[in-house]
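Here are a few short exercises on aromatic rings and their partners. Have your viewer open and try each task before reading its solution.

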Amino acid sequence: MGCKAALLVAVGLVMIFCAVQANDVQQQNAKRKMVNPTNTPKTLSDVVNMLRNLEKRSIRQFESKRSLLLRGRRGGRDGSPRKPVKHRRYRREALPGFDLRLVGGTHNNSGRLEIRVKGQWGTVCDKGWDINASNVACRMLGFARALKFQKFQQGNTAQPIWLQNISCVGCERSLDDCYHPVWGSKSTCDHSNDIGLVCLPDGPPNLSAKVMADGRIEISYYGVNRSICYDGLDTKDAWVICRMNGYNDVAYITQIPSQAGNPRTEEVWLLNMACNGYEKSIKECSNSWNWENKNCEKNNNLRAGIVCKRVKDPLDVEFRLEDVTTAAPYSGRLTVKYYRIWGNICAKDLKLEDAHVICKMLNFTGALTISHWGKHTGNLSFELVNHCKGTETSMKECQGLKLEQVNTCEGDNYAGVVCTPKTVGTPTPLPQNVRLRGGSDNARGRVEVKRHKVWGTVCNSGWDMREANVVCRMRGFDSAVTAYKSYGEGTGPIWMSGLQCKGSENNIEKCTSDGQEKTTLCNHGMDAGVVCRRYKDIITVDLENRTSDYDGRVTLKVKGSAGSICGNGWNKKEADVACQMEGFKQALVPISHFGGGPAKIWLSNVRCSNSDKSLKECNHDGWIDNSCPKNHHAGVICERPGVNDPNFGMRLVKVPGTILSKVEVQYYGVWGAVSANNWNLADANVACWRNNSGKASTAGSLMNDEKLPILIDNLDCRGSENSIEDCGFKWGISGAKQSKVAAVGCTPVTIDDKNSMTAAIGPGQNTGLGQVEIRYKTNDYAVCGDDRWDIKDADVICRMNNFKYGAMAAIRKYTIDPKKPFLTGFECRGTETGLDECFRVQSWTCSGNFIAGVMCKPNTGVRPQMKLRLADNGRVEVSYGNKWGTICNDGNSQQNARVICRMLGYVDFGVYGSTSKTSGLISWLGNMQCRGTEKSIEDCKPRWGEATCNDDKMLRVTCKIADAPHFQILGNDAIAESTVKIHFQNLGSILGLKAIYQIAVERRPYEERLQSFNTQQKRFEFKIINYTTSANLKHESYITAEIDSSYLLKNNFTIGDLSFTHGNDGFTNEPLQPETPYRVYVRIATDSHDKTRIYGDYSFVAFKTNKVFIKGRAKKSTSRSDGAVIGMSILIIILIAVIIGGSVWFFRRQRNEEVHASDKSQGLEMTDSPAEKDNKAGN
């Protein structure tokens, strides 16, 4: 708070001081009949600048006085007191006759600044002059403030230079009030340093920004119109300017050439406005106060222009094709008119869907291709922002599409388009659709392809001899000589790119390519060319410099002229083709450097495929202009019938007059040399050991006499291998430079008892586990636990300490001790009796400061069993040799976690990650490469002790138990008085684990019928009772069975049938009690590697057993049932008889009615007899 208060007081004092000074200036100007407004600070930035200047001035004063004081105290060189130095006092009082003027400017507000002192006019030096001094001078001249200051043209050389090194705050009444040396004091300036000013008139600035007809931006400030640099304007600035001109959006920013004859003399406003885009005027932008007139820092010949628009205005765009031909008016270079200005379209971001819409706007049905079309001729270029779908009829319908101006298209890649012609002509016949242009004859030139009557080029992306051969055959030649000859840039579309031919096609159109849109990534500087072979040549292969009938340098004969093949890129496939041309089945070894041969190189960088039958068919750099390193000629060892053994051999050939021997190796009967490239002492040590010559003392080299081929290059041995063939390399493949071959100097192994190495394992008792300590030449050392420390080195250490079976582990990170002196680079084979016999490459650094240790095998020959556990936070801990340690979380942790969880008896892992280890644990394993199907981590080929990960990168896992099994009761018939039959669904074993189904029974007071898969799990305690006999029936729950899933017949199991099922582990499966509610619980149990039982989740079914029926009651019930059946049968018979009788009566009645009706119709109506009538009458 104190600092803030002090700052506010200082600001207030400065503003009061400036106000008083400005008022005095106003009064003085009024007397002179001049108007000079005050120049009080308006913003915090002005105040801060004033305070900084005051601070600089005070520091200069203090340093000046301090230096005077020191010089006065020190005295002269001889120790005598030094006389005081007179210092020029800075003046504050006004000088009589003091006046200013501007001379030589175009207007009265600009020119060289001259001051009249004591009646004489003089100039001001630019040293120390700044904008604050310029403001003071301009106010003295009656202007508002300074616009700029700069060196002015040289004035009258006879005039004095009145002033230099002036320091103003900016609000002084007069230049004389500023701090400066005495007027007219001796100056180091000349008149080339005369200062000039441009002052701004009094009154408001009248700031405006106007967009001119050509798009140029003109800023008016105090009536002075200036433009803006193109490089300093961005879209946010343009939004503000458009808003000032009545628009609400920007179409694009354009560049306009400078109007001045010399663009360096045309000054601009506001190099960088730094607007945010939401301001209403540029005066609100953060850099709008910096109204200095300057030149553009770069591209000074370019001024900024913008095209404004309104958001709801439709897209103003128009297209046309240029460079069109009469034969193909539907193709050409694409140009666009975007809001009044014509420009080119960049091909990079143009898509075929966009081209479809453009062609529709040009009254075509669509587009065939888009392509690079050569360099443009205009000043403007546009890139598309967003794209069309291709179904629109005009770009005005494309969602969010707009064009953005760029300086140039990337790679001069300007777009052309070929629209779909309104009438499709017949395809051009072969070979008229391919031509060669730009060459000296018809057999060479740039490849051009004709499509839709439009000639275009082929991009050399993917272009090689296979494609060139197809083109040459289309032109009537036998094949191509080369495919990499350039014949200048073509014009028109680029029809193809990324061609991939097999070489046997009769038309280049049948080859695959990248598609039309990929051609926009090419330009005409990448046009493909070809040189064709005029005459058909007979090409044969011969093997020279043979050591047998099956090997030699490959020599090509073309028309009888012999030449070699360069070994660059020579590999197995190329060697196979060469051997097959000689009548062999395949090559055994490709040899890149076989030795000297014909100086002529026919082929280089040969690349064959599996289908090639001749080197002529393979891809290569061409048949001419091939260069090759000296004697780097290709050779082969072809397959011999019945010979499969490489018959490796090695010999050391003594070089007379030296201690060196040349290293030679034999492979498939061919002797060759070893290249000296990367040949080192480790390689030499292996060669000496293989030759029973002791240890290597020298790894040397000899000049290559080219008598033998190079069979091994870039050999990479550790030094402990038993043979060179155990080291890393590739037979026959070598680099180009083979001027030297490998040689070695060997020395016998001798043991110096006084200086020999002794080894101990840890302090105290020799338990076979601990840090390795070496005593060498009376000094004690540790061993660095770097990546060279391995089990073979540990074997030697253990045997040196009387552990006859060697080591169980080489521990690379037994402890960390950065201060312990150490030895490094041991490379033992494991058979040595002491460390002195091992090869060693000493290094002066130890990565990680890890100190090595060992664990030896016990002399009993029996290793302790490995153990595994999950400790705190799920950290995986493993016991190896009865020593607990950790596993690193690196490499393949997901599959490692799966194997670990199954070892612990779980079905899988849940999550894994990193955690920290505690002290006392060894980092046992790192970079384990389990596949996830192993039963134990010991099946993952672990390298015990070689983990070097950080202590906070130890593996932690959470494991998953088995899910609750699904089972159900097999219908109502499955429940009896004492048994129930259940059926398991999706029964099967768990990967890598044996699944045991544990079945428990619980008696319940009441229960509803439920199934396992529609119930929620409830807590139930499985009470393990080994034998469920009748004596145990007093328990409410018991285990009735534990069964391996493989013994469940048809996935069914009957509870309570007293069966002793195989695999039931002694449980007797006692009968259930009748008419009793029960629940049956089932869960899956799995066993860990140490036979610990892991139980999964459980599910249950609920049911009630049936009643027991008594025998007598059963008979009575049966007789009653029989009587009921008989009675029911009689009722059914009576009912059937009634139905039949009724039916007969009904049909007879119908019959009588039909007969009566028939008689009546025939006049045979029935009448009563006389007796009947009498009876009726009597009645």
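This predicted model holds 19 aromatic pairs.

**Exercise 1.** Classify the ring pair Y880 and W944, and work out which parts of the chain the pair ties together.

*Solution.* Start with the geometry: the ring centres of Y880 and W944 are 4.0 Å apart, and the planes meet at 5 degrees. Planes under 30 degrees apart count as stacked, so Y880 and W944 form a stacked pair. Next, locate the residues: Y880 belongs to strand β46 (residues 876–880), while W944 is in the loop between β49 (922–925) and β50 (954–960). The pair therefore ties together parts that are 64 residues apart in sequence. Finally, check accessibility: Y880 and W944 are both buried.

**Exercise 2.** Do the same for F967 and F984: what is the class of this pair, and where do its residues lie?

*Solution.* The centres of these two rings, F967 and F984, are 5.8 Å apart, with planes at 40 degrees, so this pair is tilted. F967 lies in strand β51 (residues 967–969) and F984 in strand β52 (residues 980–984), so the parts tied together are 17 residues apart in sequence. As for accessibility, F967 and F984 are both buried.

**Exercise 3.** Which residues do ring pairs link into a cluster?

*Solution.* Look for F648, Y667, Y668, F729 and W731: ring pairs join these residues into a cluster.

**Exercise 4.** Over which rings do the charged ends of R869 and R1083 sit?

*Solution.* Take R869 to begin with: its charged end sits over the ring of W884, 3.6 Å from the ring centre. For R1083, the ring is that of Y1095, with the charged end 3.8 Å from its centre.

Conventions:
Residues numbered from 1 in each chain as written. Predicted model: local features only at pLDDT ≥ 70, side-chain atom pairs only at ≥ 80, totals over all residues. Heavy atoms only, no water. Phe/Tyr/Trp six-rings, centres within 6.5 Å; stacked < 30°, edge-to-face > 60°. Helix = DSSP H or I, 4+ residues; strand = E, 2+ residues; numbered from the N terminus. Buried < 20%, exposed > 50% of the residue type's maximum accessible area, 1.4 Å probe, protein only. Lys NZ or Arg CZ within 6 Å of the ring centre and 35° of its normal.
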